[in-house]
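Here is a walk through one chain, taken a piece at a time. Keep the viewer open and follow along.

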Amino acid sequence: MSKAVALKGSVLSLSVLKIYSDDIALVKSQLEQNIAQAPDFFSGLPVVIEPETEGFGPTFLALLVDFLHQHQMVPIGVRTSQAVIREQAQYAGLAVFEPVARAPEESANTTSANTSADQGAMVVEGAIRSGRQIYAQGRDLIVKGTVNPGAEVVADGHVHIYGSVKGKVFAGSAGNTQARIYAQNLDAEMVCIAGMYQMSEDIKPEYKQGWVEVSLHNERLVFNKLA
């Protein structure tokens, strides 16, 4: 009999949707604001829901999953130790993941993994115009110009930008949590490392001028001034 299926191991990069309120109207309203700023990013985005509040109402999870589907997002499962929410997730047909153990904060002197050992970084000269996407697969990306609004720069490794940033920046897009972003005048629409993202309005003004480094620690983006 000819082979009809094959099951192979794979590592996928999933975004984590942290929920800090049990008010479904508030959660939907804030999600709508985020989606409106970058609809292409959220379309087809697989997410794991992670509650950061004690318990949900009996219909909260079902309403949230329906909302995500309506906005073309793909809820994969729920990550929690709360028995009630785990039961709700199973009833909704979602996978249930165990909470991730918190790792100690990395030393500031730790050297990031070099994801471009097999090939040199991709270098882009000049500005990247609106509507254009640059993807450095399996390596770092160096942009020697500006990233205009509506443009996207994506790398499986680190991203270095030697001009102002008005568009979207994605580092570690294949799931590398050690990837970092280095940029000058980071007034970006969105920054993202390994699926963890932050929108423009959530970036403090002091990190939007001068050189800044963005890294990922304990599932949150950390911004550091370099000059």
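Where does alanine 188 lie? Look in the loop between strand S11 (181–184) and strand S12 (190–193). One thing to keep in mind from the start: this is a predicted model.

Alanine 188 is a loop residue, and it is buried, with a relative accessible area of 0%. Leaving aside residues up to four places away in sequence, alanine 188 touches Val165, Lys166, Gly167, Ser200 and Ile203. Glutamate 201 sits 13 residues away from alanine 188 along the chain, and the C-alpha atoms of the two are separated by 9.3 Å.

Now zoom out. The chain has 227 residues, and 44% of them count as buried. Its secondary structure comes to four helices and 15 strands. If you take the contacts with a separation of 6 or more, 40% of them are between residues 24 or more positions apart. The accessible surface is about 12200 Å², and carbon and sulfur atoms own 51% of that.

Next up is a sheet. Four strands make it, in the order S1-S2-S3-S4; the sheet is open and the pairing is parallel. Strand S1 (15–19) and strand S4 (95–97) are the edge strands, each pairing on one side only. On average, and ignoring direction, neighbouring strands here are turned by 35° against each other. S1 and strand S2 (residues 46–51) are joined by five bridges in the parallel sense. Leucine 17, for one, has isoleucine 49 in S2 as its bridge partner. As background, strands of a sheet pair through backbone hydrogen bonds.

Which helix packs on the sheet and touches S2, S3 and S4? That is helix H4 (residues 83–91), whose direction makes about 150° with that of S4. The buried residues of H4 are Ile85, Gln88 and Ala89. These three cover an arc of only 100° around the axis, which puts them on the same side of H4. That fits a general rule: an α-helix has 3.6 residues a turn, so residues three or four places apart point the same way. Their cover includes S2, helix H3 (60–70), S3 and S4. Flip to the other side of H4 and you find Ala83, Glu87, Gln90 and Tyr91 exposed. Just after H4, glycine 93 takes a positive phi of about 80°.

Last stop: the rings. The structure holds four aromatic pairs, and two of them are set out below.

| Pair | Centre to centre | Angle between planes | Geometry |
|---|---|---|---|
| Phenylalanine 42 and tyrosine 197 | 5.4 Å | 85° | edge-to-face |
| Phenylalanine 56 and phenylalanine 60 | 4.1 Å | 25° | stacked |

What does the pair of phenylalanine 42 and tyrosine 197 tie together? Phenylalanine 42 lies in helix H2 (residues 39–42) and tyrosine 197 in strand S13 (residues 196–199), so the pair links parts that are 155 residues apart in sequence. Phenylalanine 42 is buried, with a relative accessible area of 0%, whereas tyrosine 197 counts as partly exposed at 23% relative accessibility. In the stacked pair, phenylalanine 56 and phenylalanine 60 are both buried.

Terms used: Residues numbered from 1 in each chain as written. Predicted model: local features only at pLDDT ≥ 70, side-chain atom pairs only at ≥ 80, totals over all residues. Heavy atoms only, no water. Helix = DSSP H or I, 4+ residues; strand = E, 2+ residues; numbered from the N terminus. Buried < 20%, exposed > 50% of the residue type's maximum accessible area, 1.4 Å probe, protein only. Contact = heavy atoms within 4.5 Å. Areas by Shrake-Rupley, 256 points an atom, 1.4 Å probe, with all protein chains shown as cover. Phe/Tyr/Trp six-rings, centres within 6.5 Å; stacked < 30°, edge-to-face > 60°. Pairing = 2+ DSSP bridges. Axes fitted to C-alpha atoms, helices over the stretch in contact; angles between N-to-C directions. Arc of directions from axis to C-beta.
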